[in-house]
Amino acid sequence: MKKILVVLSIILFASCKQEVKENKEEVMQEVEKVTQTAEPDKKKPLSPHTETMAMIGDAHIHIDYSSPGVRDRMIFGGLLAYDAVWQSGAHKATWIETNKDLMINGKALPKGKYGFFTIPTKGDWTVIFNSNWDQHGKDEYDVKEDVLRFTTTPQISETIQEQLEYTVNKATDSSGTISMSWEKVTIEFPFQIINN
């Protein structure tokens, strides 16, 4: 009888050990599945963070922005309402930095870093340089912090600019233009370096 109990105990122990091993393997397979599905999505971001910069003479102009795509949407007067402040990009407010004083639209813009905002309309747009450059969207926009504000007439194209794009173009060693293009709209304005 003792021998039978010993044999049964050994068989029971062995089967339990086998069951534990099988359960352990199942758990490991589940962990691998979860790990594989938790891999980060490697899709391209819809509004990639980007920047553009240029040297015009000894002035360094730097623009930092997130670049949304049109993606078959009506942008101006649709996704973005007319006559409302826009951060001129996606996510955080677009900012522009200059290491030299600039003359824009007959007004001085002191060297520094500025939030860049616009007010799109069916006609002329308002362009705004605001002292609060570090904000999410236009959440903290305050007109009292505007440093420079002027209007410009947009150029309308038949071709679509899919991703929002800024450019800084050199005209001479002391002047250039800044432009922003998206959808069928381009705004562009000249600047002059103030040598002091």
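I began with what the element names mean: helices and strands are DSSP runs, of at least four residues for a helix and at least two for a strand, numbered from the N terminus. With that settled, I could read the order of elements in the protein chain as α-β-β-β-β-β-β-β-β-β-β. I also noted that this is a predicted model.

**Entry: the overall picture**

I counted one helix and ten strands in the protein chain. Then I looked up burial, and found that buried residues make up 38% of the 196 residues. For the outside, I noted that the chain exposes about 12,200 Å², with carbon and sulfur atoms supplying 55% of that area. I also checked how far along the sequence the contacts reach. Among contacts between residues at least 6 apart in sequence, 54% join residues at least 24 apart.

**Entry: the nonpolar cores**

I kept one general point in mind here: in soluble globular proteins, nonpolar side chains tend to be buried together. How many residues does the largest nonpolar core hold? I found 33, and Ile 104 and Phe 129 are the residues with the most contacts inside this core. The elements that give two or more residues to this core are strands E1 (49–56), E2 (59–66), E4 (102–104), E6, E7, E8, E9 and E10 (175–193). The largest share, eight residues, comes from E10.

I followed Ile 104 a little further. Leaving aside its neighbours within four places in sequence, I saw Ile 104 in contact with Leu 109, Phe 129, Leu 148, Phe 150, Phe 189, Pro 190 and Phe 191. Apart from the largest core lies another one, of six residues, and among them are Ala 93, Phe 117, Ile 119 and Tyr 141.

**Entry: aromatic rings**

I went through the rings next and listed 13 aromatic pairs. One of them is Phe 116 with Tyr 166, an edge-to-face pair with 5.9 Å centre to centre and 80 degrees between the planes. Where do these two residues sit in the chain? Phe 116 is in strand E6 (residues 112–119) and Tyr 166 is in strand E9 (residues 155–172), so to speak a link between distant parts of the chain, 50 residues apart. Both partners turned out to be buried, Phe 116 at 0% relative accessibility and Tyr 166 with a relative accessible area of 2%.

A second pair caught my eye: Phe 117 and Tyr 141. Why is this pair tilted? The ring centres are 5.1 Å apart and the planes stand at 55 degrees, while planes count as stacked under 30 degrees and as edge-to-face over 60, so this pair falls among the rest. Phe 117 is in strand E6, while Tyr 141 lies in the loop between strand E7 (125–130) and strand E8 (146–152), 24 residues apart. I checked burial again: Phe 117 is at 0% relative accessibility, and Tyr 141 is buried too, with a relative accessible area of 18%.

I also wrote down an aromatic cluster formed by Tyr 65, Tyr 114, Phe 116, Phe 129, Phe 150, Tyr 166 and Phe 189. Lys 113 has its own place among rings. Its charged end sits over the ring of Trp 95, 4.1 Å from the centre, and Lys 113 also lies over the face of Trp 133, at 3.7 Å from the ring centre.

**Entry: three residues up close**

I picked Thr 94, in the loop between E2 and strand E3 (95–98). Is Thr 94 buried or exposed? I found Thr 94 buried, with a relative accessible area of 0%. Its side chain reaches the backbone oxygen of Ser 88 at 2.8 Å. Beyond its neighbours within four places in sequence, Thr 94 is in contact with several residues, including Tyr 65, Tyr 114, Phe 116 and Tyr 166.

Gly 89 lies in the loop between E2 and E3, and Gly 89 is buried, with a relative accessible area of 5%. Its contacts, leaving aside neighbours within four places in sequence, are Ser 66, Pro 68, Thr 94 and Leu 164. I noted 9.7 Å between the C-alpha atoms of Gly 89 and Trp 182, which are 93 residues apart along the chain.

Last came Ser 179, in strand E10. At 8% relative accessibility, Ser 179 counts as buried. Which side chain does the side chain of Ser 179 make a polar contact with? I found that of Thr 167, at 2.5 Å.

How values were computed: Residues are numbered from 1 along each chain as its sequence is written. This is a predicted model: local features need pLDDT of at least 70, side-chain atom pairs count only at pLDDT 80 or more; totals for chains, interfaces and linings use all residues. Side-chain values use heavy atoms; hydrogens and water are left out. Rings of Phe, Tyr and Trp (its six-membered ring) pair if their centres lie within 6.5 Å; planes under 30 degrees apart count as stacked, over 60 as edge-to-face and the rest as tilted. Buried means under 20% relative accessible area, exposed over 50%, partly exposed in between (1.4 Å probe, protein chains only). A charge sits over a ring if NZ of Lys or CZ of Arg is within 6 Å of the ring centre and within 35 degrees of the ring normal. Contact means heavy atoms within 4.5 Å. Accessible areas come from the Shrake-Rupley method with a 1.4 Å probe; for residues, only the protein chains shown count as cover. A nonpolar core is a set of buried Ala, Val, Leu, Ile, Met, Phe, Trp, Tyr and Cys residues joined through side-chain atoms within 4.5 Å. A polar contact is a pair of N or O atoms within 3.5 Å; within protein, one must be able to donate a hydrogen and the other to accept it, and residues adjacent in sequence count only if both atoms are side-chain atoms.
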